[in-house]
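Me: I have a structure open here and would like to talk it through with you. Shall we take it one question at a time?

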Amino acid sequence: MSKAYVHTRHGGPEVETFADLPVPSPGPGQLLVAVRAAGVNPVDWKLRNGYVRPGSAPAELPAVLGSEVSGVVEATGPGVEGFAVGDAVFGSTLTGGYAEYTLLPVAVTAHKPDALSFTDAATLPVAAATAYDGLRQADLAPGATLLITGAGGGVGVAAAQIARGLGIRVVGTASAGKKDFVESLGAVHVPSGPGLVERIRAVAPDGIDAVLDLVGGDDLRAVAELVADRTKLISAADKGTVPRLGGAALVRARTAEVLDEVAKLVLDGTLRPYVTRTFPLDRADEALRAVEEGHVRGKIVIEVAA
(Lines give C-alpha, C1' and ligand atoms only; values in the text may rest on other atoms or scores of the structure.)
Protein backbone atom coordinates (compact mmCIF):
# COMPACT_ATOMS: atom_id res chain seq x y z
CA MET A 1 0.00 0.00 0.00
CA SER A 2 1.01 3.62 -0.54
CA LYS A 3 0.32 6.29 2.05
CA ALA A 4 -1.09 9.32 0.26
CA TYR A 5 -2.79 12.65 0.85
CA VAL A 6 -5.94 12.86 -1.27
CA HIS A 7 -9.08 14.83 -1.91
CA THR A 8 -12.28 12.79 -1.90
CA ARG A 9 -14.43 15.30 -3.78
CA HIS A 10 -14.11 18.86 -5.08
CA GLY A 11 -14.18 21.61 -2.51
CA GLY A 12 -12.05 23.27 0.14
CA PRO A 13 -9.57 21.87 2.65
CA GLU A 14 -12.37 19.90 4.31
CA VAL A 15 -12.34 17.38 1.41
CA GLU A 16 -8.70 16.40 2.03
CA THR A 17 -7.61 13.34 3.98
CA PHE A 18 -4.84 10.77 4.30
CA ALA A 19 -5.44 7.37 2.73
CA ASP A 20 -3.71 4.06 2.13
CA LEU A 21 -3.97 3.24 -1.58
CA PRO A 22 -2.74 0.32 -3.67
CA VAL A 23 0.66 0.90 -5.20
CA PRO A 24 -0.05 1.80 -8.87
CA SER A 25 1.23 -0.40 -11.70
CA PRO A 26 3.13 1.30 -14.54
CA GLY A 27 1.58 1.04 -17.98
CA PRO A 28 3.27 1.57 -21.35
CA GLY A 29 5.62 4.54 -21.25
CA GLN A 30 5.31 4.89 -17.48
CA LEU A 31 7.56 4.59 -14.43
CA LEU A 32 6.62 3.54 -10.91
CA VAL A 33 8.58 5.86 -8.64
CA ALA A 34 9.17 5.74 -4.91
CA VAL A 35 8.71 9.40 -4.02
CA ARG A 36 11.47 11.17 -2.11
CA ALA A 37 10.13 14.72 -2.43
CA ALA A 38 7.04 16.44 -3.83
CA GLY A 39 6.75 20.10 -4.77
CA VAL A 40 3.69 22.01 -3.54
CA ASN A 41 2.06 24.41 -6.00
CA PRO A 42 -1.06 26.62 -6.23
CA VAL A 43 -2.38 24.37 -9.00
CA ASP A 44 -2.68 21.58 -6.40
CA TRP A 45 -5.42 23.30 -4.44
CA LYS A 46 -7.00 24.61 -7.64
CA LEU A 47 -7.37 21.03 -8.91
CA ARG A 48 -8.88 20.09 -5.56
CA ASN A 49 -11.38 22.91 -6.06
CA GLY A 50 -12.44 21.42 -9.40
CA TYR A 51 -10.13 23.05 -11.95
CA VAL A 52 -9.45 20.82 -14.96
CA ARG A 53 -6.31 21.39 -17.02
CA PRO A 54 -7.06 22.16 -20.70
CA GLY A 55 -7.06 18.95 -22.69
CA SER A 56 -7.24 16.77 -19.59
CA ALA A 57 -10.08 14.64 -18.27
CA PRO A 58 -11.44 15.31 -14.77
CA ALA A 59 -9.51 13.37 -12.14
CA GLU A 60 -11.01 10.18 -10.76
CA LEU A 61 -11.78 10.55 -7.07
CA PRO A 62 -10.29 10.10 -4.58
CA ALA A 63 -7.34 11.82 -6.25
CA VAL A 64 -3.86 12.17 -4.81
CA LEU A 65 -2.76 15.79 -4.54
CA GLY A 66 0.47 17.07 -6.08
CA SER A 67 1.89 17.56 -9.57
CA GLU A 68 5.69 17.23 -9.35
CA VAL A 69 8.05 14.83 -7.63
CA SER A 70 11.54 13.42 -7.45
CA GLY A 71 12.29 9.85 -6.46
CA VAL A 72 13.70 6.46 -7.38
CA VAL A 73 12.41 4.16 -10.12
CA GLU A 74 10.84 1.02 -8.63
CA ALA A 75 9.49 -0.51 -11.85
CA THR A 76 9.19 0.31 -15.55
CA GLY A 77 6.19 -0.19 -17.80
CA PRO A 78 6.14 -1.96 -21.16
CA GLY A 79 8.22 -0.32 -23.87
CA VAL A 80 10.15 1.97 -21.54
CA GLU A 81 13.69 2.72 -22.67
CA GLY A 82 16.36 4.85 -21.08
CA PHE A 83 15.26 4.24 -17.48
CA ALA A 84 15.99 1.36 -15.12
CA VAL A 85 15.06 0.31 -11.60
CA GLY A 86 17.14 2.31 -9.13
CA ASP A 87 17.46 5.43 -11.31
CA ALA A 88 16.99 8.75 -9.52
CA VAL A 89 14.47 10.83 -11.50
CA PHE A 90 12.21 13.87 -11.35
CA GLY A 91 9.12 14.82 -13.32
CA SER A 92 5.42 15.54 -13.57
CA THR A 93 3.10 12.97 -12.05
CA LEU A 94 0.22 10.99 -13.51
CA THR A 95 -1.21 9.87 -10.17
CA GLY A 96 -0.33 12.67 -7.77
CA GLY A 97 2.76 13.47 -5.78
CA TYR A 98 1.82 13.63 -2.11
CA ALA A 99 2.36 9.89 -1.74
CA GLU A 100 4.93 7.20 -1.13
CA TYR A 101 4.56 5.95 -4.71
CA THR A 102 3.43 7.54 -7.96
CA LEU A 103 3.52 7.05 -11.72
CA LEU A 104 5.54 9.30 -14.02
CA PRO A 105 5.25 9.43 -17.83
CA VAL A 106 8.69 9.02 -19.38
CA ALA A 107 7.90 11.91 -21.76
CA VAL A 108 7.99 14.34 -18.83
CA THR A 109 10.60 12.63 -16.66
CA ALA A 110 14.33 13.32 -16.50
CA HIS A 111 17.27 11.70 -14.75
CA LYS A 112 18.24 13.56 -11.60
CA PRO A 113 21.88 14.68 -11.63
CA ASP A 114 23.81 13.39 -8.62
CA ALA A 115 24.68 16.94 -7.57
CA LEU A 116 21.00 17.91 -7.41
CA SER A 117 19.17 17.00 -4.20
CA PHE A 118 15.82 15.22 -4.30
CA THR A 119 14.29 18.22 -2.52
CA ASP A 120 15.54 20.75 -5.07
CA ALA A 121 14.72 18.47 -8.03
CA ALA A 122 11.09 18.24 -6.89
CA THR A 123 10.68 21.99 -7.40
CA LEU A 124 11.58 21.98 -11.10
CA PRO A 125 8.84 20.22 -13.16
CA VAL A 126 6.09 22.79 -12.48
CA ALA A 127 7.43 26.18 -11.37
CA ALA A 128 10.87 26.25 -12.95
CA ALA A 129 9.76 24.55 -16.18
CA THR A 130 6.81 26.95 -16.46
CA ALA A 131 9.18 29.89 -16.04
CA TYR A 132 11.53 28.45 -18.66
CA ASP A 133 8.67 27.94 -21.12
CA GLY A 134 7.37 31.46 -20.53
CA LEU A 135 10.72 33.08 -21.16
CA ARG A 136 11.26 31.04 -24.30
CA GLN A 137 7.84 32.18 -25.49
CA ALA A 138 8.65 35.83 -24.72
CA ASP A 139 11.84 35.50 -26.81
CA LEU A 140 13.59 38.59 -25.43
CA ALA A 141 17.07 39.75 -26.32
CA PRO A 142 19.67 40.66 -23.69
CA GLY A 143 19.06 44.17 -22.42
CA ALA A 144 15.27 43.97 -22.80
CA THR A 145 13.02 44.72 -19.83
CA LEU A 146 10.63 42.04 -18.56
CA LEU A 147 7.81 42.71 -16.10
CA ILE A 148 6.85 39.74 -13.91
CA THR A 149 3.63 40.08 -11.93
CA GLY A 150 3.69 37.95 -8.81
CA ALA A 151 7.48 37.74 -8.76
CA GLY A 152 7.64 36.38 -5.21
CA GLY A 153 5.96 33.03 -5.92
CA GLY A 154 7.50 29.82 -7.20
CA VAL A 155 7.21 30.56 -10.91
CA GLY A 156 8.16 34.20 -10.48
CA VAL A 157 11.26 33.39 -8.47
CA ALA A 158 12.46 30.99 -11.17
CA ALA A 159 11.55 33.34 -14.02
CA ALA A 160 13.40 36.28 -12.49
CA GLN A 161 16.58 34.25 -12.07
CA ILE A 162 16.48 32.67 -15.53
CA ALA A 163 15.80 36.04 -17.14
CA ARG A 164 18.68 37.68 -15.28
CA GLY A 165 20.91 34.85 -16.46
CA LEU A 166 19.95 35.77 -20.03
CA GLY A 167 20.91 39.40 -19.49
CA ILE A 168 17.31 40.62 -19.26
CA ARG A 169 16.36 43.42 -16.88
CA VAL A 170 13.54 42.31 -14.58
CA VAL A 171 10.87 44.38 -12.87
CA GLY A 172 8.84 42.30 -10.43
CA THR A 173 5.58 43.09 -8.68
CA ALA A 174 4.95 41.60 -5.24
CA SER A 175 3.67 42.63 -1.84
CA ALA A 176 5.67 45.21 0.08
CA GLY A 177 6.78 42.51 2.51
CA LYS A 178 8.60 40.67 -0.30
CA LYS A 179 10.68 43.67 -1.39
CA ASP A 180 14.01 42.40 -0.07
CA PHE A 181 13.36 38.90 -1.39
CA VAL A 182 12.48 40.09 -4.90
CA GLU A 183 15.50 42.38 -4.99
CA SER A 184 17.72 39.47 -3.91
CA LEU A 185 16.75 37.81 -7.22
CA GLY A 186 18.26 40.71 -9.14
CA ALA A 187 14.87 42.26 -9.94
CA VAL A 188 13.55 45.76 -9.37
CA HIS A 189 10.69 45.45 -6.88
CA VAL A 190 7.41 47.28 -7.41
CA PRO A 191 4.78 46.92 -4.67
CA SER A 192 1.43 45.61 -5.88
CA GLY A 193 -1.82 47.48 -5.25
CA PRO A 194 -3.52 50.67 -6.48
CA GLY A 195 -1.27 52.87 -8.61
CA LEU A 196 0.70 49.88 -9.89
CA VAL A 197 1.09 51.11 -13.47
CA GLU A 198 2.43 54.50 -12.40
CA ARG A 199 5.00 52.86 -10.11
CA ILE A 200 6.15 50.56 -12.91
CA ARG A 201 6.55 53.47 -15.30
CA ALA A 202 8.62 55.28 -12.68
CA VAL A 203 11.18 52.47 -12.45
CA ALA A 204 11.08 51.60 -16.16
CA PRO A 205 10.93 54.95 -17.98
CA ASP A 206 12.16 53.36 -21.22
CA GLY A 207 9.18 50.99 -21.24
CA ILE A 208 8.38 47.32 -20.77
CA ASP A 209 9.27 44.92 -23.57
CA ALA A 210 7.30 41.94 -22.27
CA VAL A 211 5.06 40.87 -19.41
CA LEU A 212 5.02 37.46 -17.77
CA ASP A 213 1.79 37.53 -15.79
CA LEU A 214 1.45 35.20 -12.81
CA VAL A 215 -1.44 37.01 -11.10
CA GLY A 216 -4.19 37.64 -13.65
CA GLY A 217 -7.34 39.64 -13.08
CA ASP A 218 -7.08 43.36 -12.45
CA ASP A 219 -3.29 43.32 -12.37
CA LEU A 220 -3.13 41.75 -15.83
CA ARG A 221 -5.64 44.22 -17.26
CA ALA A 222 -3.73 47.13 -15.73
CA VAL A 223 -0.25 46.20 -16.97
CA ALA A 224 -1.37 45.23 -20.48
CA GLU A 225 -1.21 48.88 -21.53
CA LEU A 226 2.53 48.91 -20.80
CA VAL A 227 3.37 46.54 -23.66
CA ALA A 228 3.36 47.96 -27.17
CA ASP A 229 3.73 44.52 -28.76
CA ARG A 230 0.87 42.53 -27.29
CA THR A 231 2.38 39.25 -28.51
CA LYS A 232 4.79 39.83 -25.61
CA LEU A 233 1.92 39.86 -23.09
CA ILE A 234 1.94 36.31 -21.71
CA SER A 235 -0.16 34.98 -18.85
CA ALA A 236 0.06 31.76 -16.89
CA ALA A 237 -2.60 32.91 -14.44
CA ASP A 238 -5.52 34.19 -16.51
CA LYS A 239 -5.72 32.33 -19.80
CA GLY A 240 -9.27 33.51 -20.36
CA THR A 241 -8.56 37.22 -20.09
CA VAL A 242 -5.18 37.54 -21.83
CA PRO A 243 -6.43 36.79 -25.39
CA ARG A 244 -9.02 39.56 -25.04
CA LEU A 245 -6.14 41.94 -24.30
CA GLY A 246 -4.27 40.90 -27.43
CA GLY A 247 -1.85 38.65 -25.56
CA ALA A 248 -1.45 34.90 -25.27
CA ALA A 249 -1.62 32.20 -22.64
CA LEU A 250 1.68 30.68 -21.60
CA VAL A 251 2.23 27.47 -23.54
CA ARG A 252 3.84 24.61 -21.63
CA ALA A 253 6.23 22.35 -23.53
CA ARG A 254 6.00 19.54 -20.93
CA THR A 255 9.05 17.65 -22.16
CA ALA A 256 11.96 15.85 -20.55
CA GLU A 257 14.28 18.13 -22.51
CA VAL A 258 13.00 21.18 -20.65
CA LEU A 259 13.55 19.39 -17.33
CA ASP A 260 17.13 18.63 -18.35
CA GLU A 261 17.66 22.31 -19.19
CA VAL A 262 16.32 23.66 -15.90
CA ALA A 263 18.42 21.11 -13.99
CA LYS A 264 21.51 22.42 -15.81
CA LEU A 265 20.56 25.96 -14.77
CA VAL A 266 20.55 24.86 -11.13
CA LEU A 267 23.89 23.13 -11.47
CA ASP A 268 25.58 26.11 -13.15
CA GLY A 269 24.30 28.50 -10.50
CA THR A 270 21.86 30.43 -12.68
CA LEU A 271 18.80 29.09 -10.87
CA ARG A 272 18.44 28.59 -7.13
CA PRO A 273 15.30 26.60 -6.22
CA TYR A 274 14.70 28.68 -3.04
CA VAL A 275 13.08 25.94 -0.98
CA THR A 276 12.01 27.94 2.05
CA ARG A 277 10.15 25.25 4.02
CA THR A 278 9.88 21.47 4.02
CA PHE A 279 7.28 19.20 5.61
CA PRO A 280 7.11 15.43 6.10
CA LEU A 281 4.36 13.56 4.27
CA ASP A 282 2.26 13.25 7.41
CA ARG A 283 2.06 17.05 7.49
CA ALA A 284 1.06 17.44 3.84
CA ASP A 285 -2.05 19.31 4.91
CA GLU A 286 0.08 22.02 6.54
CA ALA A 287 2.28 22.28 3.46
CA LEU A 288 -0.71 22.83 1.19
CA ARG A 289 -2.28 25.36 3.57
CA ALA A 290 0.94 27.40 3.54
CA VAL A 291 0.79 27.64 -0.27
CA GLU A 292 -2.97 28.17 -0.44
CA GLU A 293 -2.77 31.13 1.93
CA GLY A 294 -0.56 32.83 -0.66
CA HIS A 295 2.22 34.29 1.48
CA VAL A 296 5.00 31.85 0.60
CA ARG A 297 8.39 33.09 -0.58
CA GLY A 298 9.90 30.59 -2.97
CA LYS A 299 8.97 26.91 -2.79
CA ILE A 300 7.53 24.48 -0.24
CA VAL A 301 8.41 20.80 -0.53
CA ILE A 302 7.02 17.65 1.07
CA GLU A 303 9.80 15.19 1.89
CA VAL A 304 9.02 11.46 1.92
CA ALA A 305 11.17 9.06 3.92
CA ALA A 306 12.92 6.30 1.96
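Me: Over the ring of which residue does the charged end of K3 sit?
Reply: Happy to help, and do keep in mind that this is a predicted model. The charged end of K3 lies 5.4 Å from the centre of the ring in question. A charge counts as sitting over a ring when it is within 6 Å of the centre and within 35 degrees of the ring normal. The ring that meets this for K3 belongs to F18.

Me: And how far from the ring centre of W45 is the charged end of K46?
Reply: Here too a charged end sits over a ring, with K46 supplying the charge and W45 the ring. The distance from the charged end of K46 to the ring centre is 5.8 Å.

Me: Back to F18: what kind of aromatic pair do Y5 and F18 form?
Reply: Their ring centres are 4.5 Å apart, and the planes make an angle of 50°. Planes under 30 degrees apart would count as stacked and over 60 as edge-to-face, so an angle between those limits leaves one class. The pair of Y5 and F18 is tilted.

Me: How many residues apart in sequence are the parts that this pair ties together?
Reply: Y5 belongs to strand β1, while F18 belongs to strand β2. The pair therefore links parts whose separation in sequence is 13 residues.

Me: Is Y5 buried or exposed?
Reply: The cut-off for buried is a relative accessible area under 20%. Y5 has 4%, whereas its partner F18 has 31% and is partly exposed. Y5 therefore counts as buried.

Me: Which class does the pair of F181 and Y274 belong to?
Reply: This is a pair of buried residues, F181 and Y274. Their ring centres are 5.3 Å apart and the planes meet at 85°. With planes over 60 degrees apart, the pair is edge-to-face.

Me: Where does Y274 lie, given that F181 is in helix α5?
Reply: Helix α5 covers residues 179–184, and the pair ties together parts 93 residues apart in sequence. Y274 is in the loop between α8 (256–267) and β15.

Me: Around how wide an arc of α9 do its buried residues lie?
Reply: Helix α9 takes in residues 284–292, and its buried residues are A284, A287, L288, A290 and V291. Residues three or four places apart in an α-helix point the same way, because there are 3.6 residues a turn. These buried residues are on the same side of α9, as they cover an arc of only 155°.

Me: Which strands are among the elements that cover those buried residues?
Reply: The cover includes a helix, α1 (42–49), as well as several strands. Those strands include β1 (2–7), β2 (16–21), β3 (30–40), β15 (275–280) and β16 (299–303).

Me: Which residue just after α9 takes a positive phi?
Reply: The phi angle there is about 80°. The residue with that angle is G294.

Me: Is M1 buried or exposed?
Reply: M1 is in the segment before β1. Beyond its neighbours within four places in sequence, M1 touches D20, L21, P22, V23 and E100. Even with those contacts, its relative accessible area is 61%. That is over the 50% cut-off, so M1 is exposed.

Me: Last one: what is the radius of gyration of the protein chain?
Reply: The chain has 9 helices and 16 strands, and 50% of its 306 residues count as buried. For a compact globule of 306 residues, one would expect a value near 19 Å. The chain agrees with that, at 19 Å.

Notes: Residues are numbered from 1 along each chain as its sequence is written. This is a predicted model: local features need pLDDT of at least 70, side-chain atom pairs count only at pLDDT 80 or more; totals for chains, interfaces and linings use all residues. Side-chain values use heavy atoms; hydrogens and water are left out. Buried means under 20% relative accessible area, exposed over 50%, partly exposed in between (1.4 Å probe, protein chains only). Helices (H or I, at least four residues) and strands (E, at least two) are DSSP runs, numbered from the N terminus. The arc is that of the directions from the helix axis to the C-beta atoms. Contact means heavy atoms within 4.5 Å. Rings of Phe, Tyr and Trp (its six-membered ring) pair if their centres lie within 6.5 Å; planes under 30 degrees apart count as stacked, over 60 as edge-to-face and the rest as tilted. The radius of gyration is taken over C-alpha atoms; the globule rule is 2.2 Å times the number of residues to the power 0.38.
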